Number of protein chains: 2
Amino acid sequence: MVLSFHNSDSSERLYLQVYHYYRELILSRRLPPGSRMPSLRTCARDLHLSRTTIENAYLQLAADGYIISKAQSGYYVTDIAEQKPAPQKSSRPALPPLRYNFASSGVDRESFRFDLWQRYLKSALRQNERLLSYGEPQGEPDFRQVLSEYVRQRRNVTCSPDDIVIGAGVQSLLHILCPLIKDKKTVSFPTASFIQGSTVFSDYGFEVRYRNKDSGVIYVSPAHMTKWGEIMPVSRRMELLHYAGEHQSLIIEDDFENEFVYLQKPTPSLFSLAGGHGVVYIGSFSRLLLPSIRISFMILPPRLSEAYQKKAACYNQTASKAEQIALCQFIRDGHLASQIRRLKRLYTLKMKRLRAEIQAVFGSRCQIQIGEAGTSLALTLPCSSDGASLKKEARAKGLRLEILKEEAGSVTLLLSCSAMPAEDFRPACELLKSLL
Amino acid sequence: MVLSFHNSDSSERLYLQVYHYYRELILSRRLPPGSRMPSLRTCARDLHLSRTTIENAYLQLAADGYIISKAQSGYYVTDIAEQKPAPQKSSRPALPPLRYNFASSGVDRESFRFDLWQRYLKSALRQNERLLSYGEPQGEPDFRQVLSEYVRQRRNVTCSPDDIVIGAGVQSLLHILCPLIKDKKTVSFPTASFIQGSTVFSDYGFEVRYRNKDSGVIYVSPAHMTKWGEIMPVSRRMELLHYAGEHQSLIIEDDFENEFVYLQKPTPSLFSLAGGHGVVYIGSFSRLLLPSIRISFMILPPRLSEAYQKKAACYNQTASKAEQIALCQFIRDGHLASQIRRLKRLYTLKMKRLRAEIQAVFGSRCQIQIGEAGTSLALTLPCSSDGASLKKEARAKGLRLEILKEEAGSVTLLLSCSAMPAEDFRPACELLKSLL
């Protein structure tokens, strides 16, 4: 097999090359229907690539219907080439592979210690007895104990493990919370962008508003007031608590990206400022560990905690028990704390570097907005075409963009540094410049 | 250390013995606050028990606050004995360890190949690239492809992977489905027992009724019409479809325990009988694999699928991505099919054995109801005390029971054979007899 795969490329692009290579062979019938694909081991050896890269390519080919896995035997070419000459999704023109993604909410590939997590999950999977039964609806008791320690140490939040509810993501928690606070009727979000949150409220019949503090429920992310990382100052936090207290509004504090506040002193949580009354605290691990680990938690104030307990048995736990057990021990052993330190260091450097590369490429033609937290910045550039066309044109060249705002003659983009490798910042900016 | 642990006991009871042993040492200050617990390895060696048993005991001790884990160092005794002389939950009198559980919805400990699942999950965890990003809201595409194959082969259900939505349990799916069908206003359940289902509907403002086919939504589990495994005959299925079609009612077919129908011919699904119109099909893996793996799926009929697509981006996926990837390949490689065969064989034998043991112990004094599916039977016995007292008395002797019905002079129990080892059936029945 004579093939040149660019080993300098990231493994994501390598697996796409392997995918396209075999797709071509299958569509051109050089690999006819029914033929057996080379084993992962053989293919990896022949192409001088890792087994994982080959496996990813095969999985993608299988997902697209080109090959099929047979039990204990391997992968076989399907008759897809006979059914239709073009690939299944031929109605849309095929997009070129994605080279740079400024719009990804993923995490840095270097940031996560997969080996470590694997070890903890393996150890969790050894707890056969625990895994044979359904978990506690509220979440595993030892994990809630560890979480109560964690928020006490990091966020000065004092609560009992009995007030913590675990769920598979923030939406799963809101699905439990909303019915308990239905009588509040209205909810206010800071912006329209957290659609996963506002959808749940509106599904439950709440009137959804924006930046309206005369609402029954006020949903805020104090460390993520804007997408480019502005945080809520302490004075404003006190004001909000005072106002909510007077009007008997419930505050939902989504502590999203709080761990990425780049100030020396962490900002106090609303929950701790309020002494645990009238505030629901929500925390997540998606941005700290892997977005694919679906574990979030909420801390309920006393009255809501009581109301929840009465209904607790009506809701099954949604988070994977094995992942709860693994994360519990991972936190106990101090790995979450060091992961946060590592991420904070990494993202501080990446934000600096991205800013520097933008200034080097665009000079005085651009304007950068950047807050005290997060992994994104807002970049305003002069641009003659509209946002949608720019986005489309960029994607056609392999660059994914998120448009924040358009004005006559200019466009504002949200650039996320978290998932993109730092060495791609420069070429990605240059590609962007060539499109303007 | 001189200790006698009964190795003939199941490991669940062993770990409780270890737990009680150390709790006693801690509360009596023979292990004073701050002292280091023996390492898992040492303890396992000294007590001639497995590491897992010791680990489970330690985890329980930690969950109850007796010991605490310190990073990289081990477990240490807390000052809980000083804070309060009695254990934390001292308000309730301590129950004796559970010896026999007829009310467990867990699975047989011998039924699941943990080693195999570990292998698949490990392989999923190697797919770093995929795990670094959020998954598709609807569920991983290759997994949906495999599921569409699976239901076609096993349930004669023909659907596109685009019509399948994955979620962490049935409730997560209903949280997405209910807002789409809000205009139906009323829902009918066969019994009041599926509280996790009816709660979601009532949270969304539906009027919940029982066995009322003049409802906007009809929720049925054709293979689980009663808790003791009666299934819906095909004639009744046809009738129901006909009636629902005429009245424009939507049927939700929860295919719970369908895999455990003990007839030679599998019963046709409502979804396939209806040709995919007017029926939402729901499937789960909790009872086939591990209850702690939170993966379910629903198949939407064309109109609902369209409505869902418009809102899909508003809902995050709740199921763990790693577990989706693992289960996808597990099914592809034929392991789910063999797991089902194994379980069916196992539960058929266990049901027979349970029935025989009951007849041997109770003779003609009892009446057994048993259906064509499932892992439970209903047992009616003469009993002078009321159900609640019987349940309490049984629990005090280490036997957990579920009461189905009480009548003057008799009580009907639901006995599940799935989690209890078959060799416990006889002593559990004898213990039950001694209580009557």
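**Chains A and B: interface and a helix pair**

Between chain B and chain A the count is four salt bridges, a salt bridge being a side-chain nitrogen of Lys or Arg within 4 Å of a carboxyl oxygen of Asp or Glu. This is a predicted model, in which local features need pLDDT of at least 70 and side-chain atom pairs count only at pLDDT 80 or more, while totals for chains, interfaces and linings use all residues. Residues are numbered from 1 along each chain as its sequence is written, and side-chain values use heavy atoms, with hydrogens and water left out.

**The interface**

- One of the salt bridges joins the side chains of A:Glu129 and B:Arg109, at 2.1 Å from N to O.
- In contact (heavy atoms within 4.5 Å) are 71 residues of chain B and 72 residues of chain A.
- The area buried between chain B and chain A is about 6,300 Å², with carbon and sulfur atoms giving 52%; buried area is the accessible area (1.4 Å probe) that two parts lose on being put together, summed over both.
- Of the area that chain B buries against chain A, B:Glu129, B:Leu132 and B:Tyr134 supply 12%, more than any other three residues.

**Helix 14 and helix 16 of chain A**

- Helix 14 (residues 335–362) and helix 16 (residues 425–435) of chain A, both DSSP runs (H or I, at least four residues) numbered from the N terminus, pack at an angle of about 35° with their axes 9 Å apart, where axes are lines fitted to C-alpha atoms over the stretch in contact and angles run from 0 to 180 degrees between N-to-C directions.
- Among the residues that meet are A:Leu354 and A:Phe362 in helix 14 of chain A and A:Phe425 and A:Leu432 in helix 16 of chain A.

Notes: Chains lettered and ligands numbered in written order. Helix = DSSP H or I, 4+ residues; strand = E, 2+ residues; numbered from the N terminus.
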